Amino acid sequence: MARSGFRGFGAWLREGVWAIPLRRYLALLVTAALVTGIGFAVRALTHDDRSCAPGVVRPAGSDECVGVSTTDYSFGRKQLADTIRAIDRENDSLRSGYVTVALFEPFTATDDDNLGDVLHELQGAYLAQWKVNHDANGEGPPIRLVLANPGRTGAHWEHTVDQLERMTTTSDRLRAVTGIGLSTEENTRAVKELTRRGIPVVGTSITADSLANGQQGNPDGLKPFPGLARTAPTNTDEARALASFAKVAADKAVLVYDDPGDPYTLTLQASFEKLLTGSRYQPWPFTPLADRTEEGTTANDFRQIRELVCDTAPGVNTILFAGRHTQLRQFINALGERGCQQREFTILTGDDASYLTGDRKLDPEALKHGISVRYGALAHPDAWIKNPPKTGGSATDAQDLNELLSAAQANRTAKSDRPSPIGPIDLEDGQLIIAYDAMRLTVEGVREATPRGRSAPTLADVGDEWTLIKGSSGRVNGASGWICLDNYGNPYDKAVPIVELTPDRHARFVEIAWPTGRPPEKDCLPPS
């Protein structure tokens with residue numbers, strides 16, 4: 001009985017002293033684990049994941065995916081996917097020793113005009129990347145291309161610029177930024193900050209004088225953007241080329257301009273005003289929305305301005321238009337319904353008119369009845385084909401790009417010995433051509449600045465190279481014409497194709513004009 005009693009006491013002890021509390025502790029632990037797990041699950045379900053792809057995020061308060069993409073991420077724009085895949089293939093083929101160049105464009109653009117612009121510049125940059133990597137004849141370093149998106153309107157430029165600066169000190173070895181296609185306030189701020197931080201920039205289609213070095217009257221001096229080079233002529237040079245072509249007479253022309261204007265329209269207006277010194281008429285303003293891709297109420301302004309046009313003296317036959325393409329299209333449509341149908345007018349304007357080749361809202365009838373539109377383009381596929389000038393560019397240089405395009409279009413299986421497919425091609429707006437040349441200019445600076453025996457240059461050395469891109473052996477023989485930079489990084493006497501907008505929305509090449517009135521000499525050395 002003693003043993004039985006002891007065993008009973010032991011069982012009670014285990015049950016009463018250890019087992020019951022142990023079960024309670026275990027129950028508490030299980031409950032705590034469940035609560036913790038549920039907490040983690042709730043946080044996981046409710047966590048606001050702002051990432052879009054490696055290097056690309058949605059900033060607080062925005063649904064746009066911005067930043068620097070180093071993969072085949074196409075920013076949700078299927079139009080860009082083929083070319084971005086091609087870039088990713090080329091980047092993946094580079095094992096080591098490469099230098100990175102960033103293409104700075106609004107890859108999340110929503111309107112068709114700007115998105116088409118981005119596509120064409122993307123295609124041009126890729127074709128140049130492929131060419132300099134595969135036709136390098138042993139020259140290096142190889143070039144990796146990444147995509148820098150500041151947002152649809154450029155509002156997130158600071159985020160993207162910060163990211164680009166970090167890439168200059170990592171294995172990315174970022175050494176230059178190209179692109180910056182539009183002369184906007186946001187892009188001006190981005191370029192100013194990039195160059196302030198010592199990052200060289202090569203503009204593709206920016207033409208505003210205020211976004212260039214060496215321009216008189218700039219409050220920051222003659223070099224507000226140290227390290228900036230450009231492929232396109234300034235608005236002043238475009239206007240000079242237009243004037244030399246059209247023989248504009250002040251007493252036979254009027255000016256219609258954007259008020260308050262943006263960097264592009266303001267400098268175009270200033271250039272046109274110089275041509276109209278002594279005109280008998282004050283210029284006529286119109287006021288668009290801040291986002292000049294929007295329609296706004298400017299169509300009302302143009303209905304009134306068309307009546308003023310009809311009121312001008314019989315000899316007036318030229319209208320200088322300092323405005324963006326949306327407002328230009330509205331103005332053309334309004335003039336098509338003018339009361340003085342018997343009078344003919346020629347509209348002269350800047351390169352932003354190239355967007356109208358794809359604008360379905362343009363009334364073709366307006367261009368059939370006494371209205372012609374001519375503008376200074378950045379480039380045109382026909383400019384160097386027939387009877388080209390002896391200097392300033394060549395058919396051979398233009399044909400090199402055409403051969404790359406043909407090889408890409410024929411490469412249906414993405415063979416590595418030719419450029420990968422990049423989707424539909426459209427050269428009429430000149431954006432692909434000018435972006436191709438800008439990328440080649442960028443690489444020229446990178447490679448010339450790379451010391452012998454080293455695999456990468458410094459940022460400062462790349463920026464210093466722009467002053468040496470000139471002369472018969474130092475210039476870049478671009479598909480858009482020779483690129484000979486002055487000491488401020490601006491192209492000297494760059495070819496300006498004069499283009500006419502046709503009723504079927506095409507850009508018909510007319511002739512090449514020159515800011516100085518004639519092609520540059522063979523040495524292509526800017527005068528003092």
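## A loop to start from

Let's begin at P260, which sits in the loop between β9 and α7 (263-275). The peptide bond leading into this proline, from D259 to P260, is cis, with omega near 25°. Keep in mind that everything here comes from a predicted model.

Two other loops are worth a look. G140 and P141 are joined by a cis peptide bond too, with omega at about 5°, and P141 is found in the loop between α3 (112-134) and β5. Then there's R173, in the loop between α4 (157-167) and β6. R173 isn't a glycine, yet its phi is positive, near 50°.

## The sheet of 8 strands

Now for the sheets. Strands of a sheet pair through backbone hydrogen bonds, and they can do it in a parallel or an antiparallel way. One open sheet here has 8 strands with mixed pairing, in the order β1-β2-β3-β5-β4-β6-β7-β8. At its edges stand β1 (51-53) and β8 (228-230); each has a single partner strand, so one side of each is left without a neighbour in the sheet.

Zoom in on β3 (residues 66-69) and β5 (residues 143-149): they pair in the antiparallel sense over 3 bridges. To find your way there, look for G67, which stands opposite N149 in β5. Helix α5 lies across β4 (99-104), β6 (174-179), β7 (201-203) and β8, and it runs at about 150° to β7.

## The sheet of 7 strands

Another open sheet has 7 strands, again with mixed pairing, and its order reads β10-β9-β11-β12-β13-β16-β17. Which strands sit at the edge, pairing on one side only? They are β10 (284-286) and β17 (507-513). From one strand to the next, the twist averages 25°.

Inside this sheet, β12 (residues 345-349) pairs with β13 (residues 371-376) in the parallel sense, over 5 bridges. One spot to check is T349, whose bridge partner in β13 is Y375. Helix α8 (residues 298-311) packs on the sheet and touches β9 (253-258), β10, β11 (318-322) and β12. The direction of α8 makes about 165° with that of β10. Helix α6 (residues 235-246) lies across β12, β13, β16 (496-501) and β17, and it runs at about 90° to β17.

## Two helices that cross

Next, find α10 (residues 395-410) and α11 (residues 431-449). Their axes come within 12 Å and cross at roughly 105°. An angle from 65 to 115 degrees counts as roughly perpendicular, and α10 and α11 are therefore roughly perpendicular to each other.

So which residues of α10 and α11 meet? On the α10 side you'll find L401, L404 and L405, and on the α11 side L432, I433 and Y436. Sorted by type, the residues of this contact come out as 6 nonpolar, no polar and no charged.

## A pocket to explore

How do you find empty space in a protein? Rolling a probe the size of a water molecule over the atoms shows where it is left. The second largest pocket has a volume of about 560 Å³. Its lining is made up of 28 residues, and T153, L182, T184, E186 and D291 lie nearest its centre.

Which helix gives the most to the lining of the second largest pocket? That's α5 (residues 185-196), with 3 residues. The lining is a mix of types: 8 nonpolar, 10 polar and 10 charged.

Technical notes. Residues numbered from 1 in each chain as written. Predicted model: local features only at pLDDT ≥ 70, side-chain atom pairs only at ≥ 80, totals over all residues. Heavy atoms only, no water. Axes fitted to C-alpha atoms, helices over the stretch in contact; angles between N-to-C directions. Helix = DSSP H or I, 4+ residues; strand = E, 2+ residues; numbered from the N terminus. Parallel < 35°, antiparallel > 145°, perpendicular 65-115°, else oblique. Contact = heavy atoms within 4.5 Å. Nonpolar A, V, L, I, M, F, W, Y, C, P; charged D, E, K, R; others polar. Pairing = 2+ DSSP bridges. 1 Å grid on protein atoms, 1.4 Å probe; cavity = no way out; pocket = protein on both sides within 12 Å on 5 of 7 lines; lining within 4 Å. Points joined across faces, edges and corners; volume = space filled by probe spheres on them.
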